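Student: I have a new model to read and would like to go through it by question and answer. Could we start with one residue and work outwards?

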Amino acid sequence: MLNFSIRLHTLLPLLLILICACVPAEQSDKGMNSHSPDASSLSATGIDKDTEVPPLPDLTTAAALTDTIPEELTPPEPEKTVAQEVQELNKLGKWEEGSPESITKKAEVEYDFPITMNRQVEFYLDFFQNKQRKTFARWLARSGRYLPMIHEHLKEAGLPLDLAYLPMIESGYSLTAYSKAKAVGPWQFMRSTGLHYGLTVNSYVDERRDPVKSTKAAITFLSELYKKFGSWHLAVAGYNAGGGTIKSAIRRSKTKNFWKIAQTRYLHSETKRYVPKLIAAIIIAKNPEKYGFTDIEYQAPLSFETVEVPRWTSLRAVASAGNLSLEELRNLNRDLRQGITPPEKPYTIKIPVGKKTIVAQNLSRVHAVVSTKYETHIVRKGETLQKICKKYKLSATTMLKANNLRKSKLTPGQRLRIPTRKTTYRLLAKNENPDRRNISDNQQRLVLHTILPGETVSIIARKYDISSHMLCTWNTITDINRITAGDQLAIYLEEETKTIAMNQPAEQSISSKILVATTQKIKYSPSKQPKTITTLAPTRFPFKKLTYYEVKGGDSLWTIARKFNLSTEKIKRWNNIKGNIIQPGRRLLLKVESDADV
């Protein structure tokens, strides 16, 4: 039975991945086939099922796990007025084909996207100048940050530069835009479409929010659509509805003229409005003063440097290393969904220009301090302990102990202490050696552990060098095989006053700390005297710190492991090293004794 349970525990993460991989993606009601996508079936903004498969956790990342930054999701501003636009466009009557020459011959500016003037385009010119004036002014200001970069890539691909205004009507150039249909980022890619065009989308990274990478993907998509239809009006419509929808509309209407197709019922109103809206946006954005948009304070063009950081590095740590604004760093790295780099391998992040050297030099000296703090929750009428525990992802036992309560009955107005785990970072002085890293403060009796996907009771117990039985006792876990990712487990730790055992020299009794477990809490006792143990056998809980070691010439995994009293297998597991070869200059993540000389 023991061997079977060990094998099952080892296979569970792999089974989870296989099961998730076999679940078919939901098909769009617009004909999107997300199983085998191609340019004819994909749309950037159609409906798609956004199913994520989280990667397996790493056991050496206690600080990062408590330091996630909430993912910011905002409704796309252009989406807010869709129903109003469609309703007012329907009042205009039959769609006009218009004249493509009337503007281009007399234009004060040049266009490389085909401009047509008709009453639908005139509607949007009026709409942007009046009803949506403040919003459009905000889009103009935001465009200054991204237009130079988008123009550069469009020019390199040989596409019309005016396509740079397409993300204006998609998202208002917002990196945090998240639509009702789960389209994401400035170009509003669906998950399946983004994956098809090389964008990474998982629990840690969503490159649909990366302005550079998503721009390159959108350009590839638009190029394929234009090659297929030979018309920029149809290509842009296909970007919204999917190439398959446009192909069907062409076949049924027997024309490749977008404006004639728009007169039929073969396109949804949301797609019909897309082309005149883009044309109006281009006209105003290229000559804003003519349309009353004066004194626009355009944002500075996007600029950054890149630096490679170790896996599972928090942006807060990088901000501390370079004395940077966390908000500025976050805005440069919106592709990091939780503000933490993924666990598989080192990751390249963007940092402000001129900060690369200082970040690279200081990052290894940034240390995390994990502690448990308390917030206050005032009980409202009708709230139960169960509801409050669910809100904060705590067990009832943890909540009761944190508030010295014996019964679960609550009264309105009652104040509850809510334990939360916090991580802060500080830059150590050169040659400063902290006593410990990523361990909760000595004075804290309660440590909270957030359960990760794939974690089991035994994995968590090993991480803190405690028994699975005691972990279950503290958190009222009745089934050891049933814990939920995202929930928090309470671990009670307290350091006793140092005393000398009666039959042991003082220097020995103080140098080695023992974890003593009871049903109430865990205590550190500096004595190995068996009389101090009440419930469990003594378990060693060494103070450790996470640090980085730069591989030098002549180093091998064996010599490094010997130097820090580690096993080569642990070093390989912590750093995702497959073989036995390491190159000089590589930085290895190590979990070492607090007094180790690194």
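Student: Where is T264 found?

Tutor: This is a predicted model. T264 does not sit inside a helix here; its place is a loop. The loop is the one between α12 (258–262) and α13 (269–272).

Student: Is T264 buried, partly exposed or exposed?

Tutor: Take its relative accessibility, which is 22%. Buried means under 20%, and exposed means over 50%. The value falls in between, so T264 counts as partly exposed.

Student: Which residues does T264 touch, leaving out those up to four places away in sequence?

Tutor: Leave out the residues up to four places away in sequence. Contact means heavy atoms within 4.5 Å. On that basis T264 touches S253 and K272.

Student: How far is a polar atom of the T264 side chain from the backbone oxygen of I261?

Tutor: A polar contact needs a pair of N or O atoms within 3.5 Å. Here the pair joins the side chain of T264 to the backbone oxygen of I261. The distance is 2.6 Å.

Student: How far apart in space are T264 and A249?

Tutor: Along the sequence, T264 and A249 are 15 residues apart. Now go from C-alpha to C-alpha in space. That gives 8.8 Å.

Student: Is R251 buried or exposed?

Tutor: R251 lies in helix α11 (residues 243–253). Its relative accessibility is 59%. Exposed means over 50%, so R251 counts as exposed.

Student: What distance separates the C-alpha atoms of R251 and Y266?

Tutor: R251 and Y266 are 15 residues apart along the chain. Their C-alpha atoms are separated by 9.8 Å.

Student: Now the helices. Are α9 and α11 roughly parallel or roughly perpendicular to each other?

Tutor: The axes of helix α9 (residues 211–229) and α11 come within 11 Å and cross at roughly 15°. Angles under 35 degrees count as roughly parallel. The two helices, α9 and α11, are therefore roughly parallel.

Student: How many charged residues does the contact of α9 with α11 have?

Tutor: From α9 come L225, K228 and F229, which meet G243, I246, K247 and I250 in α11. By class, the contact of α9 with α11 has 4 nonpolar residues and 1 polar. The number of charged residues is 2.

Student: What is the orientation of α10 to α11?

Tutor: α10 and α11 pack at about 125°, their axes 7 Å apart. Roughly perpendicular runs from 65 to 115 degrees, and roughly antiparallel starts over 145. The angle fits neither range, so α10 is oblique to α11.

Student: Which residues of α11 meet α10?

Tutor: On the α10 side are L234, A237, G238 and A241. Their partners in α11 are G243, T245, I246 and I250.

Student: And are α10 and α14 roughly parallel or roughly perpendicular to each other?

Tutor: Helix α10 (residues 232–241) and helix α14 (residues 274–286) pack at about 115°, with axes 9 Å apart. The range from 65 to 115 degrees counts as roughly perpendicular. Therefore α10 and α14 are roughly perpendicular.

Student: How many nonpolar residues are in the contact of α10 with α14?

Tutor: α10 brings H233, V236, A237, Y239 and N240, while α14 brings Y274, V275, L278 and I279. No charged residue is among those in the contact of α10 with α14, and 2 are polar. The nonpolar ones number 7.

Student: Where is D295, and what is its phi?

Tutor: D295 sits in the loop between α14 and β1 (305–309). Most residues other than glycine have a negative phi. D295 is not a glycine, yet its phi is positive, about 60°.

Student: Is N565 buried or exposed?

Tutor: N565 is in the loop between α23 (557–563) and α24 (568–574). Its relative accessible area is 70%. Exposed means over 50%, so N565 is exposed.

Student: Last one. How many residues of α15 are buried?

Tutor: Helix α15 (residues 315–322) has 8 residues and is mostly covered. L315, A317, V318, A319, A321 and G322 are its buried residues. The number buried is 6.

Conventions: Residues numbered from 1 in each chain as written. Predicted model: local features only at pLDDT ≥ 70, side-chain atom pairs only at ≥ 80, totals over all residues. Heavy atoms only, no water. Axes fitted to C-alpha atoms, helices over the stretch in contact; angles between N-to-C directions. Helix = DSSP H or I, 4+ residues; strand = E, 2+ residues; numbered from the N terminus. Nonpolar A, V, L, I, M, F, W, Y, C, P; charged D, E, K, R; others polar. Buried < 20%, exposed > 50% of the residue type's maximum accessible area, 1.4 Å probe, protein only. Polar contact = N/O pair within 3.5 Å; in protein donor to acceptor, adjacent residues only side chain to side chain.
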